[in-house]
Amino acid sequence: MDIFADLMMGLSVAITPINIVYLLIGALVGMIVGVIPGFGPSAGLAILLPVTFGMDPIGAIMMLAAIYYGAMYGGTITSILLNTPGESATVASTFDGFPLAKNGRAGPALVMQAVASFVGGTVGVILITILAPMFSQVSRSFGPPEYFLLAMMGMLTLLVMIGTNWKLGVISALIGFALGTVGVDLETGQGRYTFGSAELIGGIYFIPIAIGLFGLGELFYAFYGGLHRTGTGAIVQYDKEERFWPTAQDWISTRLTMARSSILGFVVGVIPGAGATIASLMAYSTERSVSKNPENFGKGEMAGLVAPETANNAASSGAMIPLLTLGIPGSASTAVLLAAFLLWGMRPGPLFMEQNPELAWGLIASMYLGNMALLAISIFAIPLFVQIIKVPYRILGPTVVVICALGTFSVNASFIEMFLMFGAGIVGFFMRLYGFSPAALVLALVLGPLAEEALRQTLTISRGSFMIFIERTPSLWILGITIALVAFLPLLNRLGGKTASSGDAEKAGS
Amino acid sequence: MRIAFLVALLAAAVFYSYTAFADLGFMTRTGRLGPGFFPRVIGVSAILITLWAILDELRSGRISRDGDARAWADVAMLMALAVGYALLIRLFGGMVATFVFLAVTLSILNRGQLVKNMMVATLVPAFVYLLFDWLLNANMPPALIELPI
């Protein structure tokens with residue numbers, strides 16, 4: 001009953017006219033960001049974070065969260081109509097989404113992906129509502145040693161998921177850690193790597209780096225790939241089909257798919273580093289293995305579209321659990337969300353839900369509303385998104401440069417930060433080009449200072465002994481879970497990779 | 001040329017480590033971890049892992065081909081325009097710099113569409129001004145050199 005009362009309180013906070021407007025804007029913008037190839041939720045969040053500065057914290061966090069999960073809805077529209085995923089989590093949706101569209105079933109595919117996203121997102125929020133307070137309870141006994149281990153767990157799992165390029169991932173993380181050490185050392189007051197600059201005393205701010213890496217870096221990479229020359233390609237004409245709405249058979253045949261993929265997606269989403277992409281690929285693979293007609297997968301099977309769509313949205317919700325209850329982001333997108341919380345002076349973690357119940361439950365309640373809004377937007381605003389897809393990249397690109405530059409400046413009125421953002425953009429391009437991981441860099445930049453502070457506190461408590469990490473029961477648990485994840489996640493990664501390559505092969509063959 | 005990028009990172013890691021060892025103490029006078037502890041661990045790890053990656057690259061004998069010249073020309077041009085835009089913002093402020101940047105960039109990327117380009121170059125700064133300065137009360141970059149317009 002407590003949870004229900006908390007949720008009702010959250011709804012009363014979330015349902016104000018201005019918050020609803022912020023939520024709708026966030027959902028729409030998130031979908032637009034998802035529709036644009038090359039830009040995922042992390043890019044959208046980083047670029048638009050400065051826009052939320054003039055708002056009140058609850059409205060701003062609601063809007064940013066809506067951008068985050070809205071991008072998952074939007075990314076699929078291009079997967080279905082263009083065979084081009086808007087971002088990596090919707091790659092699996094091209095396997096059957098595009099064949100469905102080519103078979104004259106684009107309308108039902110678009111509706112079913114919206115419904116699947118809604119189901120995945122809503123089941124995910126229901127599970128957050130139930131599990132987040134439990135996670136909070138468990139993590140209340142955590143101290144600095146556990147926080148250090150959690151930060152390390154977040155980094156390790158992300159690096160394990162990078163796979164064969166792990167060395168480049170570690171280098172990326174070390175760059176992030178190094179950037180995180182710039183500024184005055186809070187314990188001794190000594191400047192580190194400030195080189196006499198007053199602007200660097202406060203450290204390297206997270207936002208210019210995130211906007212540079214995810215906004216400009218991705219844009220430069222898209223230009224390198226020639227997206228401004230080739231255009232978007234031919235869009236399947238969904239509006240000339242006889243039947244727009246799904247058949248009863250579509251609903252009946254996918255109802256268990258939605259249930260299975262929601263749970264699977266959520267569980268994978270909770271694991272730091274695993275994320276929506278792995279969740280969607282795993283759900284696709286699972287669905288094909290339990291299907292009575294596995295041979296139809298890759299040729300336009302509705303369950304093949306519904307499974308990854310449900311899973312990637314449930315995973316986005318799942319990723320909010322470690323963020324809200326442990327203060328540990330498991331991905332680049334949730335790292336940007338964490339930065340947003342920190343900007344408003346709020347520190348997600350074990351006591352967050354207890355100390356900020358209005359914000360925490362307002363955010364959770366807003367996710368129910370956001371998913372409902374997104375269901376309506378993603379069905380009825382399809383013509384709008386098709387028009388956005390048609391905007392040439394050569395016009396969109398320079399506009400993104402403008403938003404990145406002016407958005408970065410608007411945060412602290414700092415030219416240095418703006419120049420830093422341009423620098424990060426250029427470095428981000430080379431990182432993408434040469435197989436490094438901008439996500440690991442950003443995660444390390446956020447987690448680095450937290451980890452350093454926690455480690456120094458830990459060793460002060462233990463008088464310099466590292467044995468504290470195995471003497472405390474919660475620390476031992478976290479160590480055990482980390483070892484299990486490091487052993488288990490490569491299997492998940494391999495399964496995801498296998499699904500992706502077999503999906504591509506089937507598409508090539510069909 | 002991934003190896004060139006790795007060598008540049010190695011140079012940065014060596015400089016970072018040198019500063020950590022030369023300027024930042026490992027321990028404080030009270031026997032706690034000092035400001036140099038984390039940077040030293042990061043710096044040494046970065047040097048070792050970057051060297052490993054460079055050796056891997058050399059051992060694999062790959063000669064990386066970084067796309068065609070046209071792709072490089074396009075991205076280099078956009079980067080140069082973006083850097084020019086950053087300098088223009090510092091000199092002439094957000095509004096004027098944005099108009100000039102968009103007008104120049106679109107005239108290169110979107111040739112033969114003068115009217116459309118001018119419309120975008122005018123409407124985008126106007127929209128951004130309305131959003132940041134008027135609606136969100138945020139900062140727009142001021143001009144170092146005021147133009148008589």
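Among contacts (heavy atoms within 4.5 Å) in chain B between residues at least 6 apart in sequence, 50% join residues at least 24 apart, whereas in chain A residues 24 or more positions apart account for 80% of the contacts with a separation of 6 or more. The model is predicted, so that local features need pLDDT of at least 70 and side-chain atom pairs count only at pLDDT 80 or more, while totals for chains, interfaces and linings use all residues. Residues are numbered from 1 along each chain as its sequence is written, chains are lettered from A and ligands numbered from 1 in the order in which they are written, and side-chain values use heavy atoms, with hydrogens and water left out.

**The two chains**

Helices (DSSP runs of H or I, at least four residues) and strands (runs of E, at least two) are numbered from the N terminus. Chain A holds 22 helices and 2 strands; chain B has 4 helices and 0 strands, giving the pattern α-α-α-α when read along the sequence.

The radius of gyration is taken over C-alpha atoms, and the globule rule is 2.2 Å times the number of residues to the power 0.38. For the 510 residues of chain A the value is 22 Å, which agrees with the figure near 24 Å for a compact globule. For chain B the value is 24 Å, but a compact globule of 149 residues would have one near 15 Å.

Buried residues are those under 20% relative accessible area, exposed ones lie over 50%, and partly exposed ones fall in between, with a 1.4 Å probe and protein chains only. Accessible areas come from the Shrake-Rupley method with a 1.4 Å probe, and for residues only the protein chains shown count as cover. In chain A, buried residues make up 63% of the 510 residues, and about 17,500 Å² is exposed, with carbon and sulfur atoms supplying 67% of that area. In chain B, buried residues make up 41% of the 149 residues, and 70% of an accessible surface of about 8,500 Å² belongs to carbon and sulfur atoms.

The C-alpha traces span the following extents along their principal axes.

| Chain | Span of the C-alpha trace |
|---|---|
| Chain A | about 70 × 50 × 50 Å |
| Chain B | about 65 × 50 × 25 Å |

By an automatic or database domain assignment, chain B is divided into domain 1 (2-60) and domain 2 (69-135). The C-alpha centres of domain 1 and domain 2 of chain B lie 39 Å apart.

**Helices α10 and α19 of chain A**

The expected span of a helix is 1.5 Å times one less than its number of residues. Helix α10 of chain A (residues 248-270) has 23 residues and reaches 33 Å from its first C-alpha to its last, close to the 33 Å expected. Nevertheless, α10(A) contains a kink of about 40° centred on A:Thr254, where the bend is the angle between axes fitted to the seven residues ending at a residue and the seven starting there. A:Thr254 is itself buried, and the other buried residues of α10(A) include A:Asp250, A:Met258 and A:Phe266. Their cover includes α5 (91-139), α11 (275-290), α12 (302-318) and α13 (320-326) of chain A.

In helix α5 of chain A lies A:Ser136, which is buried at a relative accessible area of 2%. Leaving aside neighbours within four places in sequence, A:Ser136 is in contact with A:Thr325, A:Pro350 and A:Met353.

Helix α19(A) has 19 residues and reaches 27 Å from its first C-alpha to its last, close to the 27 Å expected. Among its buried residues are A:Phe415, A:Glu417, A:Met421 and A:Gly428. The cover of the buried residues of α19(A) includes elements of both chains, namely α7 (166-180), α8, α18 and α20 (438-461) of chain A together with α1 (2-23) and α3 of chain B.

From α3 of chain B (residues 69-109), B:Asp74 touches A:Phe223, A:His228 and A:Arg229, not counting residues up to four places away in sequence. B:Asp74 counts as buried, at 9% relative accessibility.

**Positive phi in two loops**

Most residues other than glycine have a negative phi. A:Tyr193, in the loop between β2 (191-192) and α8 (206-224) of chain A, has a positive phi near 55° and is buried, with a relative accessible area of 8%. A:Ala413, in the loop between α18 (393-412) and α19 (415-433) of chain A, has a positive phi near 50° and is partly exposed, with a relative accessible area of 36%.
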